[in-house]
Amino acid sequence: MRKLLRNDVELTNEDRKLRLSEYNYFFNTNYTHEDVFGDKNIKEATKEKLAYYEDYPLLYIDIEDYLPDDNYKKAALTFIVNFLYNDFSEFEEMLDDDVSMVIFKQKSIIGKQAVMEYWKDYRYRIKKEIVRRFEVKFCPYYSATGLYLEIRGYAPVCLLYSIDEGKIKNMVYYFPTDETSRAPDEIVKSLPYTLEEASRHIVWDAKTEANRLPCFHCGKPSEQLEWHWAKYYEDPDSIIKQVSVCPECHCVVETRVEKRFDRGMELEEISLEEMAEIEHNEGIKIVKTDETDEFARMGNEYRSELEKIARGSDESKNALFGLLPELHLRDSYKVGFAGKDLDDIDGFYYFYVFDSVLNMEKPVYHYVDVNPTPMGVWQLYLLMNSEAFIDFNNQRRLVKPSRHVFDRCDLEKLPELKKRDIRRLEQRNYLFPKVSIKKMQDDGEKYLGEVFCTFWRRDALWLDYRRYMIDNNGKVDWKHSDSSNMLLHRDPGPDIY
């Protein structure tokens, strides 16, 4: 029997699927294949089909790649492992003594002991149902990692929480579906509206409600928030939503669909005289970043000069490295610039390296030495993304540009985000570049460089993560490099009128 690791809350790929015998072990159940697949299917199954049923995973544990390695991810993984072992001791240590947990629209539970009694009882109550899936993934609505749970016969739920100084202060057991359409709602798939944007569409005050989402900035419970009704437009329906606002943090906490109308119907009866405007916008506090940050400054300088170099003569291409002093092109090589399949919708311009003797095109980054410093890693990242920064790569009709975010000016150029509250992303240092480098513990001759950089592409804001292995001589080991994009914001929600 495989054992899930508990001390460091690690889940390997092998641990992420529990088959029938393993599921029975962890949940102290006695399910048979007939219980899971039905008597008829088992009786009529071929030998191959029976082997398939035997190997079929009853429970999946999906962990999104390259999540921020923080306490939010740790809390989700700890909960899963403790839930499987029916021993919540590690998770209990992460709870604040006065932790508050909201069972959405039902009740609130206060205190560590009461919260743990709930989960222990919950674990006992669901043992007759099959837990299908745990998902650990980033929730854009509250800008942190959340835990999603699917149980056979039940609507999917998610567990959100706020952590301060290593302790969980607030938890929400939430049902992430629109009660009208049964589709995932904005809490799961998008960022909340800014207070200024939401204020334009509020039509009257609403009754304060308890046991709804708390403010994820300060933890203020929903019964202490300001509540309003707002009208939105989403083809082909008009929508009435409830909007809650934190009077202390001056932010929209929750927007949730409560009623839909056919276009042009009952909304016309709403009196404009009942319009209630919120007057807190001047009090919004935004965490400022240093606009002269060295990574942002370098990125902007490189981006602004790059296209000039690309359009210049062949002799000027080596000036690329004059903008990147931490990188060095090896002797006897030169840089060229060319277009690839420009008649094709996926065609693009790119830099390449060639030597004067063979005149063969080679990837530019294979022939570059890097100073093992944070700035060296950042300049390597810029070099590898050069094509994305060249504006005339983005002029073709079907090609969607990638717009990297280096500083606040870049954010202001993204109109898609102007209606959305991105303060928590900023407070968690997701919006602007982060670069680090450290010596490898198992190989003191190599460095691990890591870069996080946000960019907008098509309909989403992504967090780009790259890591580079660099030896003492500055050579990059590409065999161990990897990259991934993590979704931060998708689907801006309904249009507003």
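# Notebook: strands, cores and empty spaces

I started at the hairpin of β7 and β8, where 2 residues sit between the strands and Glu-165 takes a positive phi near 55 degrees. Note to self: this is a predicted model, and I am reading everything below from it.

**Entry 1: around β8.** I stayed with the hairpin and looked at how its two strands pair. β7 and β8 run antiparallel and are joined by 7 bridges. On that side I found Ser-162 standing opposite Asn-170 in β8. Then I checked another partner, strand β3 (residues 95-103), which pairs with β8 in the parallel sense over 5 bridges. There I noted Met-101 opposite Met-171 in β8. How many of the residues of β8 are buried? I got 6 of 8 for this strand (residues 167-174), so I wrote it down as mostly covered.

**Entry 2: the cores.** Next I went looking for groups of buried nonpolar residues. A reminder from class: in soluble globular proteins, nonpolar side chains tend to be buried together. The largest nonpolar core here has 89 residues. Which ones have the most contacts inside this core? My list reads Trp-119, Val-131, Phe-134, Tyr-161, Ile-168 and Met-171. Met-171 is the residue I had just seen facing Met-101. Helix α5 gives the most to this core, with 9 residues.

I picked Phe-134 for a closer look. Leaving aside neighbours within four places in sequence, I found Phe-134 in contact with Leu-59, Tyr-60, Ile-61, Asp-62, Ile-80, Phe-83, Leu-84, Leu-147, Tyr-148 and Leu-149. I also jotted down a second, separate core of 36 residues, which includes Met-298, Leu-306, Phe-337 and Val-370.

**Entry 3: closed spaces.** Now for the gaps. Rolling a probe the size of a water molecule over the atoms shows where empty space is left. I counted 3 cavities of 30 Å³ or more.

The largest cavity holds about 130 Å³ of space. It has 14 lining residues, and those closest to its centre are Tyr-141, Pro-192, His-217, Val-252 and Arg-424. Strand β12 (residues 251-262) gives the most to this lining, with 3 residues. Sorting the lining by class, I got 10 nonpolar, 2 polar and 2 charged residues.

The second largest cavity holds about 50 Å³. Which residues line this second largest cavity? I wrote down Phe-79, Trp-119, Phe-134, Leu-147, Tyr-148, Leu-149, Val-157, Cys-158, Leu-159 and Tyr-173. Phe-134 turns up again here, and so do Leu-147, Tyr-148 and Leu-149 from its contact list. β6 (144-151) and β7 (157-164) each supply at least two residues of this lining. By class, I have 10 nonpolar, no polar and no charged residues.

**Entry 4: the open space.** Last, I looked at the largest pocket, which has about 670 Å³ of space. It is lined by 23 residues, and Leu-67, Pro-68, Asp-69, Asp-70 and Lys-73 lie nearest its centre. The elements giving two or more residues to this lining are α5 (71-85), β19 (446-457) and β20 (460-471). Of these, α5 gives the most, with 3 residues. That is the helix I had already met in the largest nonpolar core. What is the lining of the largest pocket like by class? I tallied 11 nonpolar, no polar and 12 charged residues. For the second largest cavity, I had noted no charged residues in the lining.

How values were computed:
Residues numbered from 1 in each chain as written. Predicted model: local features only at pLDDT ≥ 70, side-chain atom pairs only at ≥ 80, totals over all residues. Heavy atoms only, no water. 1 Å grid on protein atoms, 1.4 Å probe; cavity = no way out; pocket = protein on both sides within 12 Å on 5 of 7 lines; lining within 4 Å. Points joined across faces, edges and corners; volume = space filled by probe spheres on them. Helix = DSSP H or I, 4+ residues; strand = E, 2+ residues; numbered from the N terminus. Nonpolar A, V, L, I, M, F, W, Y, C, P; charged D, E, K, R; others polar. Core = buried A, V, L, I, M, F, W, Y, C linked by side-chain atoms within 4.5 Å. Buried < 20%, exposed > 50% of the residue type's maximum accessible area, 1.4 Å probe, protein only. Contact = heavy atoms within 4.5 Å. Pairing = 2+ DSSP bridges.
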